[in-house]
Structures are given as structure tokens and as C-alpha cells.
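Trainee: I keep meeting labels such as buried, exposed and paired. Can we go through how each one is earned?

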Amino acid sequence: MCQAGTYVVNGTCHQCPPGTFQPFTSQDSCISCSDGHTSPAGSVDVSQCTGITCPQLPPVTNGHIECEPPCYSTVCDWGTQCQYVCDIDYSVTPGTSEIRLCDESGQFDGSEETCTITRLRTGT
């Protein structure tokens, strides 16, 4: 008989993987946490499913980052999209994405962006 937090395949008990739970004994599958939530391996209750967050992106020189929904404290919720906005005469480095998404891994996809100068001002 397999315990809660596990599932049975061909008579062998396996721990429920992260992002799932199983409150009952001797089941053949685990129940997935809702979108944007995860749980530790072997979870036995939906209350162990917690919201996925990503660490807030570091500030960008010569620009700023706008996130929707806005991040709070030092973290952003799963699904948050952040866009790099460069100051006048600067642009996001070519070949990189301006928008990053907080994904199910708890990290923002893509790479850290930089704002590089695109036009030099001339004095009068």
C-alpha cells in the first residue's frame, strides 16, 4: 500500500513530483497544483502548493524596468512580464529581448539586458 504523497505504478510506490500532491493512499497518479503554483516532492495536500515567484530583476543603467503586474518587495509573481525601457539616445542591446517573463522555474526567461548608446548628442 502506497502512502499519501505517493502514487503506484506496477506495484511500486513513487513520490509525487514537485508541483503535484496526493492526499490519498494507493493512487495511480498525483494531482497537479494550479497554474502558477508549485509544491515540494511528496506533497500530501493542496495547501502545500504555493505561488511561484521570481527574484526582482536588477536595475538597468541608462533606463528602467516596467513590470505588469508590478513586482512587490524583492519578488515578482509567476506570469509577470517585465520590459526594459531605455533612456533617450539609448536602446536595448541588439539581439536580446526587451520583455522577460517570470516562468514556472521561478526565474525570468531570457538574459539580463543593457541599454547602449545609439546616438551621440552634439553640443551647440
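Mentor: We will take the labels one by one. Keep in mind that this is a predicted model.

Trainee: Let us start with Glu104. Why is Glu104 called exposed?

Mentor: Exposed needs over 50% relative accessible area. Glu104 has 61% relative accessibility, so Glu104 counts as exposed. Glu104 is in the loop between strand S12 (99–101) and strand S13 (115–117).

Trainee: What does Glu104 touch, not counting residues up to four places away in sequence?

Mentor: Glu104 touches Ile52 and Trp78. Also look at Gly19, 85 residues apart from Glu104 along the chain. Their C-alpha atoms are separated by 9.7 Å.

Trainee: Now Thr80. Why is Thr80 called buried?

Mentor: Buried means under 20%. Thr80 has a relative accessible area of 1%, so Thr80 is buried. Thr80 is placed in the loop between strand S9 (75–77) and S10. Leaving aside neighbours within four places in sequence, its contacts include Cys67, Glu68, Arg100 and Phe108.

Trainee: What makes the link from Thr80 to Asp77 a polar contact?

Mentor: The cut-off is 3.5 Å. A polar atom of the Thr80 side chain lies 2.7 Å from the backbone oxygen of Asp77. That distance meets the cut-off, so the pair counts.

Trainee: Arg100 is in strand S12. Why does Arg100 have no salt bridge?

Mentor: A salt bridge needs the charged atoms within 4 Å. The nearest side chain of opposite charge, Asp109, is 4.8 Å away. The limit is missed, so no salt bridge is counted, although Arg100 is buried.

Trainee: Which backbone oxygens does the side chain of Arg100 reach?

Mentor: The Arg100 side chain reaches the backbone oxygen of Asp109 at 2.6 Å. It reaches the backbone oxygen of Ser111 at 3.3 Å. Both values fit the 3.5 Å cut-off, so both count as polar contacts.

Trainee: How do you know that S10 and S12 pair?

Mentor: Pairing takes at least two bridges. S10 and S12 have three bridges, in the antiparallel sense, so they pair. Cys82 stands opposite Arg100 in S12.

Trainee: What joins strand S8 (residues 63–68) to S10?

Mentor: Six bridges join them, and the strands run antiparallel. Six meets the requirement of at least two, so S8 and S10 pair. Glu68 stands opposite Gln81 in S10.

Trainee: Which S10 side chains are buried?

Mentor: Cys82, Tyr84 and Cys86 are buried, and they point to one face. Gln81, Gln83 and Val85 point to the other face and are not buried. In a regular strand, side chains alternate between the two faces of the sheet.

Trainee: Which residues make up the largest nonpolar core?

Mentor: The core has 12 residues in all, including Cys54, Leu57, Tyr84, Val92 and Phe108. S10 gives the largest share, three residues. Members must be buried and joined through side-chain atoms within 4.5 Å.

Trainee: What does Val92 contact, leaving aside neighbours within four places in sequence?

Mentor: Val92 is in contact with Tyr84, Cys86, Ser97, Glu98, Glu113 and Thr114.

Trainee: Last one. How many residues lie between S1 and S2 in their hairpin?

Mentor: Two residues lie between them. Asn10, in the turn, has a positive phi of about 50°. Four bridges join S1 (residues 6–9) to S2 (residues 12–15), and the strands run antiparallel. Val9 has Thr12 as its bridge partner in S2.

How values were computed: Residues are numbered from 1 along each chain as its sequence is written. This is a predicted model: local features need pLDDT of at least 70, side-chain atom pairs count only at pLDDT 80 or more; totals for chains, interfaces and linings use all residues. Side-chain values use heavy atoms; hydrogens and water are left out. Buried means under 20% relative accessible area, exposed over 50%, partly exposed in between (1.4 Å probe, protein chains only). Contact means heavy atoms within 4.5 Å. Lys and Arg count as positive and Asp and Glu as negative; His and the chain ends are not counted. A polar contact is a pair of N or O atoms within 3.5 Å; within protein, one must be able to donate a hydrogen and the other to accept it, and residues adjacent in sequence count only if both atoms are side-chain atoms.
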